[in-house]
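Got the viewer open and a selection tool ready? Let's walk through this model stop by stop, picking residues as we go.

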Amino acid sequence: MKYILFKRVPYDYGAEFQRFTNGVVKRGIGAYDAKDAKILLKLHKDLVEEISEERYEELKKKLNLPATSFRVFGTQPQDPARNPDAVYADKESSQSTSSKAEDLLEVDEAEVEDPLEGKE
């Protein structure tokens with residue numbers, strides 16, 4: 001069994017092969033017996049090349065994968081009432097605010113001097 005890589009997909013090679021997209025380039029692969037592979041390599045020497053079985057299996061896996069010329073971005077649900085560019089603080093529970101209030105310093109009375117006193 002010989003494995004052939006077809007470099008130009010929309011070309012008529014006279015043989016059946018599987019098509020896949022490698023980045024933005026469309027290619028084809030096929031597995032043939034030695035006699036048919038020899039004929040394909042002789043007739044289309046610039047457009048086909050023989051590849052190893054490992055490379056064939058690797059390319060065959062790409063047949064089932066989505067095209068790699070785009071990137072899928074992760075999405076997360078958002079509240080439509082909120083501005084997506086704004087930063088919102090998380091709401092705290094009443095227990096955490098009461099414990100913070102107890103930790104604050106209490107001041108009974110404070111004397112504040114007026115710096116403008118006596119000046120016109």
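Start by selecting Glu58, which is partly exposed, with a relative accessible area of 42%. Keep in mind as you click around that this is a predicted model. Now add Arg55 to the selection: Glu58 forms a salt bridge with Arg55, and the closest N and O atoms lie 3.0 Å apart. Why are these two separated by about one helical turn? Because they sit three residues apart in helix H2, which covers residues 53-62. Arg55 counts as partly exposed too, at 30% relative accessibility.

As background for this stop and the next ones, side chains of opposite charge can pair when their charged atoms come close.

How many salt bridges does the structure hold? There are three, and the remaining stops of this kind take you to strand S4, residues 48-51.

Pick Glu49 and Lys7. Their side chains meet in a salt bridge, at 3.2 Å from N to O. This pair ties together distant parts of the chain: Glu49 belongs to strand S4, while Lys7 is in the loop between S1 and strand S2 (18-22), 42 residues away. On the burial scale, Glu49 counts as partly exposed at 33% relative accessibility, and Lys7 is partly exposed as well, with a relative accessible area of 34%.

Next, select Lys2 and Glu50. Here the side chains meet in a salt bridge at 3.9 Å, N to O. Again distant parts of the chain are linked, with Lys2 in strand S1 (residues 2-6) and Glu50 in strand S4, 48 residues apart. Lys2 is partly exposed at a relative accessible area of 30%, and Glu50 is partly exposed at 41%.

Now slide along to His44. You'll find it in the loop between helix H1 (34-43) and strand S4. Is His44 buried or exposed? Its relative accessible area is 11%, so His44 is buried. To look at what surrounds the residue, show Tyr11, Asp12 and Tyr13: His44 is in contact with these three, once its neighbours within four places in sequence are set aside.

For a change of scene, turn on the surface and jump to the segment after helix H3 (94-103), where Glu111 is located. Glu111 counts as exposed because its relative accessibility is 79%, and the cut-off for that label is over 50%. Which residues should you colour along with Glu111? Select Glu106, Asp108, Glu109, Glu113, Asp114 and Glu117: together with Glu111 they gather in a patch of negative charge on the surface.

Finally, zoom out and switch to a cartoon view. The chain has three helices and four strands. Follow the ribbon along the sequence and you'll trace the pattern β-β-β-α-β-α-α. If you colour by burial, buried residues make up 16% of the 120 residues in the chain. With the surface back on, you're looking at about 10,900 Å² exposed by the chain, of which carbon and sulfur atoms supply 49%.

One last thing to try is a contact map. Taking the contacts between residues at least 6 apart in sequence, 62% join residues at least 24 apart. For examples of links between distant parts of the chain, go back to the Glu49 and Lys7 pair and to Lys2 with Glu50.

How values were computed: Residues numbered from 1 in each chain as written. Predicted model: local features only at pLDDT ≥ 70, side-chain atom pairs only at ≥ 80, totals over all residues. Heavy atoms only, no water. Patch = residues over 30% accessible without salt bridge, like charges linked within 9 Å, V, L, I, M, F, W, Y side chains within 5 Å. Areas by Shrake-Rupley, 256 points an atom, 1.4 Å probe, with all protein chains shown as cover. Salt bridge = Lys/Arg side-chain N within 4 Å of Asp/Glu carboxyl O. Lys, Arg positive; Asp, Glu negative; His and termini not counted. Charge placed at Lys NZ, Arg CZ, Asp CG, Glu CD. Buried < 20%, exposed > 50% of the residue type's maximum accessible area, 1.4 Å probe, protein only. Contact = heavy atoms within 4.5 Å.
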